[in-house]
Amino acid sequence: MRSSRRIGRRGAAVAALALAVAGCGIRGTSVPVDAGGAPSRVSCKAPGNESSPSPSGDGTRSVVYLVCGSALAQVERAVPPSEADGPRLAAARALLGELRRKPSPDEEKAGFSSALPQDLKVSGPRAGDRSDALRLSIRPDDLPSFALAQLVCTYGASPALGRGHAAVLGGPGDDTAHRYDCSADVLANPDIAENAGWGDPLSQESKESEEE
């Protein structure tokens with residue numbers, strides 16, 4: 001009789017435990033669960049200069065901005081010289097070529113990538129533009145936000161382009177070129193490029209003062 005009561009109490013305890021587990025949303029299992037390793041993290045630390053040479057093997061060391069995680073980080077590259085265009089346009093095209101180039105193995109290992117379209121091209125200012133304007137083959141606002149931020153910050157850091165922490169960019173159409181600033185917010189959150197407020201239209205006054 002006592003044995004039957006003990007068995008009954010044990011059965012009730014087991015049933016209560018099962019209900020408690022089910023109530024917590026946990027499925028009981030007899031198979032060990034492997035949760036796997038911790039998520040892998042990238043360093044976003046720029047590799048040494050020798051890790052990212054230019055394809056030609058020579059050139060001037062220049063800063064380019066690549067995507068790492070959800071932000072931009074600078075990497076130093078050897079940008080090949082060009083004698084085909086004027087100094088500003090040559091520098092703009094060389095930097096664009098670096099941004100389109102596939103990151104080196106060390107850069108990829110550190111978590112770097114680039115969002116620049118391979119078919120993107122840059123040309124000089126047209127009639128009516130400021131002398132520091134650059135025209136893109138794709139409207140700036142039609143570029144991926146990370147790509148536009150990369151381009152603006154890379155151009156803004158270039159001594160050959162004025163090192164103004166900004167770029168004056170226009171598209172292939174008749175739209176007025178706009179000034180895009182490379183701010184700390186843009187570096188930390190390139191998606192800010194999607195906001196309509198990024199890219200100040202140049203007033204006629206600013207054009208005239210630049211031309212004087």
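How many contacts beyond four places in sequence does the model have for residues 203-212, where pLDDT stays under 50? The model has eight such contacts for residues 203-212. Contact means heavy atoms within 4.5 Å. pLDDT is the predictor's confidence in each residue, from 0 to 100.

This is a predicted model, in which local features need pLDDT of at least 70, side-chain atom pairs count only at pLDDT 80 or more, and totals for chains, interfaces and linings use all residues. Residues are numbered from 1 along each chain as its sequence is written, and side-chain values use heavy atoms, with hydrogens and water left out.

**Confidence**

The protein chain averages a pLDDT of 76. Of the residues, 66% score at least 70. Among the elements, helix 1 (residues 2-23) has the lowest mean pLDDT, 44. Strand 5 (residues 133-136) has the highest, 97. Helices (H or I, at least four residues) and strands (E, at least two) are DSSP runs, numbered from the N terminus. Residues 49-57 also stay under a pLDDT of 50, and the model has 20 contacts beyond four places in sequence for them. Where pLDDT is low, the predicted coordinates should not be read in detail.

**Strand pairing**

Two strands pair if DSSP finds at least two bridges between them. One open sheet has three strands in the order 2-1-3, with antiparallel pairing. Its edge strands are strand 2 (71-79) and strand 3 (112-113), each pairing on one side only. Other strand pairs involve strand 7. The table lists pairs with their bridges.

| Strands | Sense | Bridges | One facing pair |
|---|---|---|---|
| strand 1 (residues 60-68) and strand 3 | antiparallel | two bridges | C68 and F112 |
| strand 6 (residues 166-170) and strand 7 (residues 178-181) | antiparallel | four bridges | V168 and R179 |
| strand 7 and strand 8 (residues 200-201) | antiparallel | two bridges | H178 and P201 |

**Helices on the sheet**

Helix 2 (residues 87-100) lies across strand 1 and strand 2. Helix 2 runs at about 40° to strand 1. Helix 4 lies across strand 1, strand 2 and strand 3, at about 155° to strand 1. Axes are lines fitted to C-alpha atoms, for helices over the stretch in contact, and angles run from 0 to 180 degrees between N-to-C directions.

Helix 4 (residues 145-156) has 12 residues. From its first C-alpha to its last, helix 4 reaches 16 Å, close to the 16 Å expected at 1.5 Å a residue. The expected span is 1.5 Å times one less than the number of residues. Helix 4 is mostly covered, with 12 of its 12 residues buried. Buried means under 20% relative accessible area, exposed over 50%, partly exposed in between (1.4 Å probe, protein chains only).

**L148 and the aromatic pair**

L148 is found in helix 4. Its relative accessible area is 2%, so L148 counts as buried. Leaving aside neighbours within four places in sequence, L148 is in contact with P140, L143, L169, Y180, A193 and W198. The C-alpha atoms of L148 and A193 are separated by 7.1 Å, although the two residues are 45 apart along the chain.

A search of the whole structure finds one aromatic pair. Y180 and W198 form this edge-to-face pair, 5.2 Å centre to centre with 70° between the planes. The pair links distant parts of the chain, 18 residues apart: Y180 in strand 7, and W198 in the loop between helix 5 (184-188) and strand 8. Rings of Phe, Tyr and Trp (its six-membered ring) pair if their centres lie within 6.5 Å; planes under 30 degrees apart count as stacked, over 60 as edge-to-face and the rest as tilted. Both Y180 and W198 are buried.
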